[in-house]
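These notebook entries record what I looked up in one structure. I began with the overall form and then turned to the interior.

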Amino acid sequence: MSKLIGILGLGIFGSTIAKTLAEYGSDVIAIDKSEENVNRIQPFVTKGIIGDFTDMELLRTVGLEDCDAVIIATGTNLEASVLGVLNCKKLGIKKIIAKAKNKNYREVLEEIGTTTVIQPEKEAGLRIAKKILRTNIEDIVRLDDQTSVVEFYPPATWVGKSLIELDLRKVYDINIIGMRKSKTGKLLVSFDPNDPVTEELVLVGITESDTFEQIDYLNELK
């Protein structure tokens, strides 16, 4: 069964989310004051409505209360975002996601009960900066706020030593759970920790995200 998602605001951010959700089978109700924005997204969504999403009656008329989640995608008008969140709460929508342009907007939106507040520009900037800083890390998958699965190349000083010798759990607080023979190789979860580490090996471990990332960014894996 497909999910029904509401998108309030159809700038670049909102339109991109709406198209992506629709491409992956979600039903989308999209609302924006601009006829041009709505016409642009109309072919991709279930309903495209020209109107003011701060108008509660409009939201009821289009059936927004049936949505599994609503994304308030305008981040420049705090009053509109707040009214959007409050209207969604009155409609009983459980998952409300809102865009914020700065820390002050984020604090206000969190205070009134927004489920998730995002700052796309800030978060994109952080991702790019971290990608540039990576020394050995190839990929990171966050499991929660504290823990990640990290794929990384061993530094040159590890080559020829075994995982037993390196004792990475003690030194870097990372548990090696698998490895690949190369970047595109199959993930191996059964391996001998006494085998020597090779240069082309990609190690996969579970670790505290920020700690291990900082070690890598500062080039302190020794």
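I checked the radius of gyration, taken over C-alpha atoms. The protein chain has 23 Å, whereas a compact globule of 222 residues would have a value near 17 Å, by the rule of 2.2 Å times the number of residues to the power 0.38. The C-alpha trace spans about 70 × 35 × 30 Å along its principal axes.

I noted that this is a predicted model, in which local features need pLDDT of at least 70, side-chain atom pairs count only at pLDDT 80 or more, and totals for chains, interfaces and linings use all residues. Residues are numbered from 1 along each chain as its sequence is written, and side-chain values use heavy atoms, with hydrogens and water left out.

I then looked up burial: 43% of the 222 residues count as buried, meaning under 20% relative accessible area with a 1.4 Å probe, protein chains only.

Next I examined the largest nonpolar core (buried Ala, Val, Leu, Ile, Met, Phe, Trp, Tyr and Cys residues joined through side-chain atoms within 4.5 Å). This core holds 26 residues, and Leu8, Ile29, Ile31, Leu64, Val70 and Ile72 touch the most other members. Helix 4 gives the most to this core, with 4 residues; helices are DSSP runs of H or I, at least four residues, numbered from the N terminus. Apart from this core lies another, of 19 residues, among them Ile137, Ile140, Ile176 and Tyr217.

Finally, I followed Ile29 beyond its neighbours within four places in sequence: its contacts (heavy atoms within 4.5 Å) include Leu4, Lys47, Val62 and Cys67.

Key: Buried < 20%, exposed > 50% of the residue type's maximum accessible area, 1.4 Å probe, protein only. Helix = DSSP H or I, 4+ residues; strand = E, 2+ residues; numbered from the N terminus.
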